[in-house]
Amino acid sequence: MARNRFGAKPVHLFVFTRQHLAWRYCTADRDLVIDGKTYLSAQISRSEIRQTVERAKDKVTIKIAYLLDPSAADYPTTQSLGNNWWPHPPTDTIAVVCMTYDAGSADAPAIEWIGQIVQPKVDGSEMELTCEPGNGYAHARGQGLRWQRGCGKTVYSVGPRGCNLGTGAGARVVTGTVTKLEHVDGDVAPQAHVLVPALAGYIQSLRGRQVTWGSGQAAAVLEAYFAYTERRVMTPPGSESTEFHWEPIGDRTDHSKEIGPVVISYYYTRHAALVLSDATGLSVGSVVSVAIPAVAVTATVAAVGGLQITAPELAGSTFSLAGGFIAFNAPNGLLIRRDIADHALGGTLLTLTPGGAAPKVGDVITALPTCPRTWAACAERGNTDNYGGSIYKPIKNPMDGVSMSWG
């Protein structure tokens, strides 16, 4: 390990990211502010980094302090990071960057390792995170399309070889007017943050899709969430102030607090916000359009009972939602996906598979059905141009038998 000129070991820095959220920690005895970012001093350590020809040996183990005791008097700094895996593991990827930093020099932090967390292990006071380098695509080698009658594509995948359900003629196109556009911290031009209030009911369906405007201009939706406006009313004297925030609204709700004889009331308004990959030519007042799957159902949760969710709009689904999934925003802004175990066509009740956070009454969810991956199902969805199977493939193997003719 490199040492500075005084013989001290460099500080280890860690950056964990999940969707739009980030956790930054350091092994120093105090918090460090580096390039405008705060790295919290934490009880965290990692194994030695090795670069070998064997992928299995390149894994890194990170240990963090984490308490399972719900009545603990004080929780460690890394508790919020560990909550991503307890009590329910995430369904999306959590990436990690390991760096070193010499506080005694003017050098920038040096990146030593980049990967993702693949397995947590928890005991009463510590969580061990096993991480592997890269994105894990090596585990899926040789998993391309095969010559088969059924479709082998992932439902709702996009791209030249994707399912593309919802991106073609059968898509449902929703539109809205841009009311605010800014380049904020973290945006790398031509990226930008925009507000489109009319898309609030579809926020769970927008991430990763294409926004179009003008004469064929388009951009990818990098993030879709709810920004907010905070209004503060002070009584007495009855004065108020309003401030807009691009950060996710999270679990902020209207509330009041007393400070001596003064009562300060806080009121929050949500705004549908998008982070676009390219805002060139876009301005306030522009009308944007987004194609979402025609089979998607946007609903407001009316009741929650265990794994069962009730919403009147679910009755309007064209297909049974069993085997599909719902998506919704958690209080911290994360987009959560839960699989659907059961739903009767025309019913307002669906049952989720066990495990994971659940929406609350009043939350807006997007429900999408699965696809049986047959030609008939693809035709019902108006998506046969993207069918991944070969319906005329011979049922009998022509090489299995004495005859060399088949039809």
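Rings of Phe, Tyr and Trp, the last represented by its six-membered ring, are taken as a pair if their centres lie within 6.5 Å. In the predicted model described here, a search of the whole structure on this basis returns six aromatic pairs. One of them joins Phe-244 and Trp-246, with 5.0 Å from centre to centre and 90° between the planes, an edge-to-face arrangement. The two partners fall into separate classes of solvent exposure: Phe-244 is partly exposed, because its relative accessibility is 25%, whereas Trp-246 is buried, with a relative accessible area of 12%. Elsewhere, Phe-14, Phe-16 and Tyr-25 form one aromatic cluster.

Aromatic rings also lie beneath charged side-chain ends. The charged end of Arg-270 sits over the ring of Phe-226, at 4.0 Å from the ring centre. For Lys-393, the charged end is placed over the ring of Trp-147, and the corresponding distance to the centre is 5.2 Å. Pro-394 belongs to the segment that follows α3 (375-380). This proline counts as buried because its relative accessibility is 17%, and the limit for that class is 20%. Between Pro-394 and Gln-148 the separation is 246 residues in sequence, while their C-alpha atoms are 9.4 Å apart in space.

The principal element of secondary structure considered here is an open sheet of nine strands with mixed pairing, in the order β3-β4-β2-β1-β7-β8-β9-β6-β5. The edges are occupied by β3 (32-34) and β5 (44-46); each has a single partner strand, so one side of each remains without a neighbour in the sheet. On average, neighbouring strands of this sheet are turned by 30° against each other, direction ignored.

Several of the pairings can be described at the level of individual strands. Strand β2, spanning residues 21-26, pairs with strand β4, residues 37-41, in the parallel sense over two bridges. Cys-26 stands opposite Ser-41 of β4. Strand β1 (residues 11-18) runs antiparallel to β7, and seven bridges join these two strands. Within this part of the sheet, Phe-16, a member of the aromatic cluster with Phe-14 and Tyr-25, has Val-96 in β7 as its bridge partner. Strand β7 itself, residues 95-101, is mostly covered, as five of its seven residues are buried. Strand β7 is further joined to strand β8 (residues 110-122) by six bridges, again in an antiparallel arrangement. The bridge partner of Ala-95 in β8 is Gln-116.

The cysteines were examined for disulfides. A disulfide is a covalent bond between the sulfur atoms of two cysteines. With a cut-off of 2.5 Å between the sulfur atoms, the count of disulfides comes to zero. For Cys-151, the closest cysteine sulfur is that of Cys-378, at 6.3 Å, which is too far for a bond. The sulfur of Cys-378 in turn has its closest cysteine sulfur in Cys-371, and no bond is assigned because the distance of 6.0 Å is too far. Both Cys-151 and Cys-378 are buried: the relative accessible area of Cys-151 is 13%, and the relative accessibility of Cys-378 is 7%.

Technical notes
Residues are numbered from 1 along each chain as its sequence is written. This is a predicted model: local features need pLDDT of at least 70, side-chain atom pairs count only at pLDDT 80 or more; totals for chains, interfaces and linings use all residues. Side-chain values use heavy atoms; hydrogens and water are left out. Helices (H or I, at least four residues) and strands (E, at least two) are DSSP runs, numbered from the N terminus. Buried means under 20% relative accessible area, exposed over 50%, partly exposed in between (1.4 Å probe, protein chains only). Rings of Phe, Tyr and Trp (its six-membered ring) pair if their centres lie within 6.5 Å; planes under 30 degrees apart count as stacked, over 60 as edge-to-face and the rest as tilted. A charge sits over a ring if NZ of Lys or CZ of Arg is within 6 Å of the ring centre and within 35 degrees of the ring normal. Two strands pair if DSSP finds at least two bridges between them. Axes are lines fitted to C-alpha atoms, for helices over the stretch in contact, and angles run from 0 to 180 degrees between N-to-C directions.
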